[in-house]
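Me: I would like to learn how to read salt bridges, burial and internal cavities in a model such as this one. Could you take me through them in turn?

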Amino acid sequence: MLAYVVRRIFFGLIVLAGASLITFTIAYVVPADPAVAVAGAKADPQTLAVIRRQLGLDQPLYIQYARYVDHALHGDLGRSYIRREAVTGLILSRFPATAILAISAIALSLLLGVAAGALAAAYRDRALDNWLLVAALTLVSTPVFWLGTLLLIGGGLYLRWFPLGGFDGPLSLVLPTLTLALGSAAYYSRILHASLGEALDQDYVRTAIGKGLSRRAAILRHAMPNAILPLVTIAGLDFAGLLSGVVLTETVFNWPGLGRLAFEAVFNLDLPLIMGTVLFSAALVVAANLLVDLLYAWLDPRIELGAGRN
Amino acid sequence: MDARVEFPARPMRARAALAAMAFALALSACRAGSPAPIFPPGAQVLHLASLDDIPTLDPAAGYDVDSWMFEQMIFDTLIRYSDSGVDLVPDIAASWTASPDSTVFTFHLRRDVRFSNGRAVASADFKYAIERVLDPKTRSKGMEYYRGIAGAADFAAGRANSVAGIETPDPWTIVFRLSAPDPIFPHKLAMPFAAAVPREVVARYGEDFSRHVVGSGPFMLRQWIGGQRLVLVRNPDYFVKGVPRLDGVVEAIGVNEDLQWFRFETGAIDLSAIPPAVFPYVIKTSRLKALTMRIVTMTTRYLGMNCQMPPFTDVRVRRAMNYAIDKRKLVAVINGRGIPANGVLPPSLPGYDPDLRGYPYDPARARGLLENAGYPHGFTATVWLPADQTMMILAQSVQQDLALVGVQLKLKPVGFAPLLDAIRQPRTVPLFFSGWEADFPDPANFLDVLLSRAQWGANNDSWFYDPRFDALLAKAKPLADPARRFALYREAQRIAVADPPWVFLYFPVTWQIRQPWVHGLVLNPMRPARLDRVWLSPHPSPK
């Protein structure tokens with residue numbers, strides 16, 4: 001187990017190095033001069049030359065990359081060109097808001113998704129299953145920015161139950177959480193419906209019911225633990241995505257998270273901030289993948305980590 | 001292994017995981033955000049909202065509307081623009097004089113001005129501020145405005161410890177000696193780049209000064225949470241008695257235009273932009289229309305044509321483009337928030353030429369000109385534009401107009417920085433949408449900066465060159481007498497309109513809406529509105 005974790009961390013570091021190299025290359029080959037992004041539209045060539053020299057942009061690309069990696073290894077992701085603040089500090093200041101939203105959204109989507117999926121599977125091919133299917137398809141097809149705006153108009157503007165965006169206390173969490181969770185929950189419910197339906201056709205479930213176990217108990221205690229594994233994989237990756245920031249939801253709800261920070265960085269061609277947010281997101285995805293694999297083994301002891309090649 | 005053996009344990013694990021998650025959620029939700037500072041009941045607090053975070057509060061670094069709006073509340077310059085116009089009025093300077101040849105400018109400071117840390121503001125603070133802008137280490141966007149001061153180049157190159165052309169004979173006098181006549185130099189001192197900053201505070205915080213700004217202006221920074229809010233409080237020691245009238249200003253950050261409007265409707269913010277979708281509703285509703293304010297800004301929007309790339313090397317083609325595009329329709333597309341352009345200089349700019357006719361919409365004439373130029377069936381061209389929704393709508397309108405005269409446009413939306421970079425490369429971008437906002441109210445800020453030969457590869461993005469035009473600019477530049485100066489600039493503008501490097505599209509009009517309880521607010525055509533004299537009458541708190 002420990003050897004597996006160490007090996008995964010090692011490969012994770014290689015992924016991060018690759019991500020940093022690719023991002024750095026893409027960022028520097030786009031046909032745009034970062035000095036223009038720093039100095040603004042009106043800067044004269046002399047000012048641009050001074051800024052290029054100050055930022056080290058007149059150095060060969062490999063030297064710039066080596067310097068970036070050296071600093072990154074010491075926890076310094078550079079300074080934002082536009083805000084002139086430490087990138088590490090900017091990311092860390094935005095991460096709590098994103099983490100809170102990600103945790104609440106994933107928790108709610110799992111709760112709703114598992115409940116709806118289990119109900120749909122339990123009532124397979126009956127009216128409830130069909131209604132849940134319609135609801136799920138509707139929610140999956142609803143664009144997040146539109147749903148978010150509707151919830152804001154309904155819950156914030158007319159009913160005035162919730163704040164109109166912002167990050168001020170538990171109530172402000174409700175609408176963005178719902179916006180993110182409803183679509184995911186619908187998707188999860190369909191995945192669980194399929195895998196649970198498959199599990200319910202297995203002999204061990206039929207045997208359990210034949211031995212006198214109630215259908216409800218057979219679903220919850222026998223079918224569900226096996227059926228939920230695909231959901232864990234998808235939810236794990238979704239969680240990593242949520243932790244990396246959700247631009248649309250954050251923009252609609254004025255949520256000060258990583259997604260908006262990354263969006264602003266790209267919009268302003270703020271290369272150190274682009275690099276920092278990409279690296280941070282890559283690290284989160286690597287960590288989430290590792291955690292999902294560990295969770296797999298925890299949920300299903302038949303899975304032996306790192307034993308695949310034997 | 002019989003899977004059933006393991007099952008009873010799992011619901012327990014699942015319950016434990018859910019409980020842990022719920023606990024984490026509750027804990028995190030309780031900590032969500034940081035409470036805004038509490039102003040005492042009845043305090044006059046103006047609530048604003050913006051989409052973008054404030055890039056910086058450091059006056060040496062900021063060069064955008066959001067930064068300048070707050071910098072001008074926190075810092076003071078020697079002179080500034082009046083609240084509603086572009087005439088220069090005293091700020092910290094009580095008086096000033098200029099030499100007849102516009103090379104020496106002397107300012108006498110008030111003696112009762114203090115930074116909010118208690119220290120008196122002296123002439124050395126202004127000298128330090130400008131040296132800081134000129135220092136390459138600061139990477140200031142404003143350095144080009146002060147290179148004309150004698151000794152600035154030596155200082156910037158590290159050959160001198162201070163700028164020889166800035167003298168501070170006593171704490172209340174500062175003298176600027178320029179290396180060449182520049183009658184508009186005082187305008188450059190009204191830019192926030194030249195605001196007094198306390199050296200000791202900059203030395204203490206270095207690049208983080210932006211987060212710990214100390215100035216002498218009417219407000220002081222109390223709180224700035226990135227992406228969430230910025231809070232300013234009244235500076236009780238501000239040198240103008242009775243100002244500011246507000247106790248504080250709270251800006252919610254990251255609020256998109258639609259959300260701003262919702263918040264405005266609930267009374268949660270006191271001022272708002274008007275989103276395009278609700279603009280017609282606002283104008284039709286007399287209650288709301290009465291709360292709107294509008295001003296023609298010193299901005300020109302144009303479709304640039306690269307005068308070095310065929311077919312735009314031919315002036316007949318460039319004139320045809322001007323006749324072919326219906327500017328009134330463009331203005332209608334943006335809800336009437338603009339004035340069709342007749343030339344380079346906007347109507348609010350001193351030196352504007354009201355007699356200039358420009359190019360009326362005349363597709364028949366455009367077709368004739370194209371035929372004469374050898375394009376009887378038109379041509380195909382690619383137009384580069386910033387990737388933004390409004391620009392796309394405008395570009396589609398232009399595309400339709402040009403198709404009527406046989407010119408087929410391909411739209412190429414790109415990010416702003418790549419667009420800027422590309423148009424500065426010779427013979428790269430044939431057509432592009434662009435605009436220019438005045439830095440100071442003088443025709444030189446448009447004609448010199450955008451169309452002179454010296455600006456090739458920089459701001460002259462249409463690569464325009466006419467020796468007669470440049471000669472007129474050179475004659476006008478050193479003149480201090482506005483009448484003679486503007487006459488020459490008007491003549492130069494007529495050359496640029498007759499040999500058009502751009503399709504002159506429109507001059508934007510800014511609209512804002514305020515709550516009925518907001519008083520004393522005045523819009524300025526060139527700078528963000530000052531809030532020093534704004535006050536609020538009693539009003540219900542937002543629910």
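Me: Is B:Arg159 buried or exposed?

Reply: Burial is read from relative accessible area, where buried means under 20%, exposed over 50% and partly exposed in between, with a 1.4 Å probe and protein chains only. B:Arg159 has a relative accessible area of 60% and therefore counts as exposed, whereas B:Asp154, at 33%, is partly exposed. This is a predicted model, in which local features need pLDDT of at least 70 and side-chain atom pairs count only at pLDDT 80 or more, while totals for chains, interfaces and linings use all residues. Residues are numbered from 1 along each chain as its sequence is written, chains are lettered from A and ligands numbered from 1 in the order in which they are written, and side-chain values use heavy atoms, with hydrogens and water left out.

Me: Which residue meets B:Arg159 in a salt bridge?

Reply: Side chains of opposite charge can pair when their charged atoms come close. The rule asks for a side-chain nitrogen of Lys or Arg within 4 Å of a carboxyl oxygen of Asp or Glu, and B:Arg159 meets B:Asp154 in this way at 3.0 Å, N to O. Over all chains the count comes to 24 salt bridges.

Me: Where do B:Asp442 and B:Arg485 lie in the chain?

Reply: These two residues form a salt bridge whose closest N and O atoms are 2.9 Å apart. The pair links distant parts of the chain, 43 residues apart, with B:Asp442 in the loop between β17 (431-437) and α16 (444-451) and B:Arg485 in helix α18 (482-498); helices (H or I, at least four residues) and strands (E, at least two) are DSSP runs numbered from the N terminus. Both B:Asp442 and B:Arg485 are buried.

Me: Which residues are linked in a network of salt bridges?

Reply: The network links A:Arg79, B:Arg139, B:Glu207 and B:Asp208.

Me: How many cavities of 30 Å³ or more are there?

Reply: Rolling a probe the size of a water molecule over the atoms shows where empty space is left. On a 1 Å grid over the protein atoms alone, a cavity is a set of points where a 1.4 Å probe fits but cannot get out, and its lining residues have an atom within 4 Å of a point. Grid points are joined across faces, edges and corners, and a volume is the space filled by probe spheres set on the points. The count comes to three cavities of that volume, and the largest holds about 170 Å³ of space. Its lining has 18 residues, with B:Arg80 and B:Arg530 among those nearest the centre.

Definitions and conventions:
1 Å grid on protein atoms, 1.4 Å probe; cavity = no way out; pocket = protein on both sides within 12 Å on 5 of 7 lines; lining within 4 Å.
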